[in-house]
Amino acid sequence: MDIEQRQSELIDQFVKQASAASNTSAISSVIVDATSHPLLFAFSEILALPNVLQLEATDEKFYLDLLRLFAHGIWSDYKSNADRLPQLVPDQILKLKQLTVLTLAETYKVLPYDQLMQELDVTNVRELEDFLINECMYAGIVRGKLDQLRRCFEVQFAAGRDLRPGQLGNMIQTLSDWLSTSENMLVSIQDKIKWADSMSEVDKKHRKEVEEKVDEVKKSIFKVGWIYFYCFTSLEFFILKYIDDIMFR
Amino acid sequence: MASSSSSGLTFKLHPLVIVNISDHYTRVKSQMNPTLAPHNNATNNGGDGVVSSLPPPRVFGCVIGVQKGRTVEIFNSFELLYDPSTHSLDRPFLEKKQELYKKVFPHFYILGWYSTGSDAEESDMHIHKALMDINESPVYVLLNPAINHSQKDLPVSIFESELHVIDGIPQLIFVRSSYTIETVEAERISVDHVAHLKPSDGGSAATQLAANLTGIHSAIKMLHSRIKVLHHYLLAMEKGDVPCENSLLRQVSSLLRRLPAIESGKFQDDFLMEYNDTLLISYLAMLTNCSSAMNDLVDKFSTAYDRHTRRGGRTAFM
């Protein structure tokens, strides 16, 4: 969320610049500045400005397309449409690759190195890892773990890109699914708590019953045993007395 | 008397202060109780179950802390004696205590004073003015000791004094200020410990399980209510009731992307392995218990019934 805070000032600055720009070349230079700025990843505010949208009609239309590409597209989109779009400076290439990583992180949580290398046009793993670490993680747009053994990148957090028009509906659907799942979970937890309580009640009752039975049996055995003990020891006494009598008479 | 403050100071309150004040109040209140008991026994006529006919005692003390620019951070507090005859706090005692605390905490200054009660009163202004020579704008921390189960937030309020012109006369009145709670790591540990106090006879596994599940339940409930707020907001944004705020949408989308939080195959493997381990251990423990009970039973059986076969074995009868 701190990315948004960092970006908000930049966004305001560029929006002011773009609304102040009067002619198309000024607007297109603002667009080029915005897309090459190393800390700016959000372009929908600039896209929403009326005089930026007016570029649609002019012959500098491809700058608007470029802005749209940076807002929603990825590196392979650029490669397929390279002839219709202006040449990108290295800063912009880097930013577009970062945005590509963000888009990929949107759909998969575990990104295999092969797919990343293909999407980003990177040939070896070392370069890919350098790119991920230096450009993505240190910039703070992505957080995750690099698993070299399984050759994949586990994404834990990825910054948000600009929303495509249909995405809002998906997000609302996801939120309502999350809500219903947590409601179900709450109900099942309550059931478990009730079950735990009732089980402990049953256990206590059982324990009490067993204790009572033991007490009863103890009492009855005590009486019986006392009689038995008394008879046995008196029997023993008489036997010994008899032996004594026999022995010493 | 209390409107909202306009001084622009931000207050940060440490939990230690709240615990100190409530401890002070509880001690004084419980020391009052032995005198109440014979009093209640003596008055049998007409006295039904009125527990304490005396009003709850008011305790007073001083709060200390640090003021950096516009931020006032209240760290600690200590008790003071209140002299009901002069309606003022015991000054020499205050100064002695202040000196002692200065030696231990050289950075802390007296920021104000505290008391208990339900609302700030007129007589409090005397004490407030008396403290104004130590600190030109003291704060008044008020703790409401009445337990209100429906109240969600802390019964602590912080008042400042402001000079308002009422009926042509400039008067100092108390105005309420907002505050945030700030914790140091040690405070967080102790507050956590108190919050998780199990009942003293909670030795049985079921009550501990229930307590644990209750904790999880309340955590999920809070998460649920917050997600609901987000959901409503997005729905309103879709319908067009609220203007689209892109940075918020971006944050929500990044949040939702974290969502299948524990879903990968590796998690399932680890989870099932741990689950099986736990089941195995409890099974082994149960087996051990059963075999030891069996062993005891066999010992008792052999003692009881072998005695029967051995005639002539003398007990300690004589």
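**Exercise 1. The crossing of two helices in chain A**

Determine how the axes of helix 7 and helix 8 of chain A of this predicted model are oriented relative to one another.

*Solution.*
Step 1. Locate the elements: helix 7 of chain A covers residues 90-107, and helix 8 of chain A covers residues 113-120.
Step 2. Consider the axes, which come within 10 Å and cross at roughly 140°.
Step 3. Classify the angle. Helix 7 of chain A is therefore oblique to helix 8 of chain A; an angle would have to be over 145 degrees to count as roughly antiparallel.
Step 4. State the handedness: the crossing of helix 7 of chain A with helix 8 of chain A is right-handed.

**Exercise 2. The residues at the contact**

Identify which residues of helix 7 of chain A meet residues of helix 8 of chain A, and describe their chemical character.

*Solution.*
Step 1. From helix 7 of chain A, take A:Lys97, A:Thr100, A:Val101 and A:Leu104.
Step 2. From helix 8 of chain A, take A:Gln115, A:Leu116, A:Glu119 and A:Leu120, which these residues meet.
Step 3. Sort the residues of this contact by character: 4 are nonpolar, 2 polar and 2 charged.

**Exercise 3. The make-up of chain A**

Describe the secondary structure, burial and surface of chain A.

*Solution.*
Step 1. Count the elements: chain A has 10 helices and 3 strands.
Step 2. Read their order from the N terminus, which is α-α-α-α-α-α-α-β-α-α-β-β-α.
Step 3. Examine burial: of the 249 residues in chain A, 39% are buried.
Step 4. Consider the contacts in chain A between residues at least 6 apart in sequence; 57% of them join residues at least 24 apart.
Step 5. Turn to the surface: chain A exposes about 15,000 Å², and 59% of this is supplied by carbon and sulfur atoms.

**Exercise 4. The make-up of chain B**

Give the corresponding description of chain B.

*Solution.*
Step 1. Chain B contains 7 helices and 10 strands.
Step 2. Of its 318 residues, 26% are buried.
Step 3. For contacts in chain B between residues at least 6 apart in sequence, the share that joins residues at least 24 apart is 63%.
Step 4. The accessible surface of chain B is about 21,200 Å², and carbon and sulfur atoms account for 60% of it.

**Exercise 5. A histidine of chain B**

Decide whether B:His224 is buried or exposed, and state which residues of chain A it touches.

*Solution.*
Step 1. Place the residue: B:His224 lies in helix 5 of chain B, residues 205-239.
Step 2. Apply the cut-off: buried means under 20% relative accessible area. B:His224 has 8% relative accessibility and therefore counts as buried.
Step 3. List the contacts: B:His224 touches A:Leu179, A:Ser182 and A:Glu183, with residues up to four places away in sequence not counted.

How values were computed:
Residues are numbered from 1 along each chain as its sequence is written. Chains are lettered from A and ligands numbered from 1 in the order in which they are written. This is a predicted model: local features need pLDDT of at least 70, side-chain atom pairs count only at pLDDT 80 or more; totals for chains, interfaces and linings use all residues. Side-chain values use heavy atoms; hydrogens and water are left out. Axes are lines fitted to C-alpha atoms, for helices over the stretch in contact, and angles run from 0 to 180 degrees between N-to-C directions. Helices (H or I, at least four residues) and strands (E, at least two) are DSSP runs, numbered from the N terminus. Angles under 35 degrees count as roughly parallel, over 145 as roughly antiparallel, 65 to 115 as roughly perpendicular and the rest as oblique. A crossing is left-handed if the near helix is turned anticlockwise from the far one by less than a right angle, and right-handed if clockwise. Contact means heavy atoms within 4.5 Å. Ala, Val, Leu, Ile, Met, Phe, Trp, Tyr, Cys and Pro count as nonpolar, Asp, Glu, Lys and Arg as charged, and the others, Gly among them, as polar. Buried means under 20% relative accessible area, exposed over 50%, partly exposed in between (1.4 Å probe, protein chains only). Accessible areas come from the Shrake-Rupley method with a 1.4 Å probe; for residues, only the protein chains shown count as cover.
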